[in-house]
Amino acid sequence: MEELHDPVSKRVGRVLRKIREEQGLTRAQLSEKSTVSERQISAIELGEKGPSLNSLELLLRSLGASADQLFYPELSENDPMLAQIVHLTGACNTRQKRMIVAFIQMLQAEEYGENK
């Protein structure tokens, strides 16, 4: 999982690079597909600069990726327990889903010492 305490520009760059490499694309190929310069892609991937919103959209669309992959990488990890939670929750009614959310929020508050 990505470090959530790292600056956003560094996390975004790492994830974009990972997605690009998983697709077997070079920076030059992604540049051609997205119209974002190769130099800018390099700077983004290295965390030297954050992408503009326009560049970010162009890169994501060119990679066929969603913003969730950048900002919620834990959702796209191959985690069997998370998949099971999603599967079980899908069969719940609205009231049950609200209870699940409240329970998870309570667990997170306990972990971070908010209820101590």
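Me: How much area does the protein expose, and what share do carbon and sulfur atoms supply?
Reply: The protein exposes about 8,400 Å², and carbon and sulfur atoms supply 53% of that. Accessible areas are from the Shrake-Rupley method with a 1.4 Å probe, and for residues only the protein chains shown count as cover. This is a predicted model, in which local features need pLDDT of at least 70 and side-chain atom pairs count only at pLDDT 80 or more, while totals for chains, interfaces and linings use all residues. Residues are numbered from 1 along each chain as its sequence is written, and side-chain values use heavy atoms, with hydrogens and water left out.

Me: How many helices and strands are there?
Reply: Seven helices and zero strands. From the N terminus on, the order is α-α-α-α-α-α-α. Helices (H or I, at least four residues) and strands (E, at least two) are DSSP runs, numbered from the N terminus.

Me: What percentage of the residues is buried?
Reply: Of the 116 residues, 26% are buried. Buried means under 20% relative accessible area, exposed over 50%, and partly exposed in between (1.4 Å probe, protein chains only).

Me: Switching to H2. Which of its residues are buried?
Reply: In helix H2 (residues 27-34) they are Leu30, Ser31 and Ser34. They are on the same side of H2, because they cover an arc of only 105° around the axis. The arc is that of the directions from the helix axis to the C-beta atoms.

Me: And what do they pack against?
Reply: Helix H1 (8-22), helix H3 (38-45) and helix H4 (53-63). Contact here means heavy atoms within 4.5 Å.

Me: At what angle do H2 and H3 pack?
Reply: About 115°, with the axes 9 Å apart. Axes are lines fitted to C-alpha atoms, for helices over the stretch in contact, and angles run from 0 to 180 degrees between N-to-C directions. H2 contributes Arg27, Ala28, Leu30, Ser31 and Ser34 to the contact, and H3 contributes Glu38, Ile41, Ser42 and Glu45.

Me: What is between H2 and H3?
Reply: A loop, and Thr35 is in it. Thr35 has a positive phi of about 70° although it is not a glycine.

Me: Is Thr35 buried or exposed?
Reply: Thr35 counts as exposed, because its relative accessibility is 64%.

Me: Now Leu59. Which helix is it in, and is it buried or exposed?
Reply: Leu59 lies in helix H4. Leu59 is buried, with a relative accessible area of 2%.

Me: Which residues does Leu59 touch?
Reply: Not counting residues up to four places away in sequence, Leu59 touches Leu16, Leu30, Ser34, Val36, Ile41 and Ile44. Leu30 and Leu59 are 29 residues apart along the chain, and their C-alpha atoms are separated by 7.6 Å.
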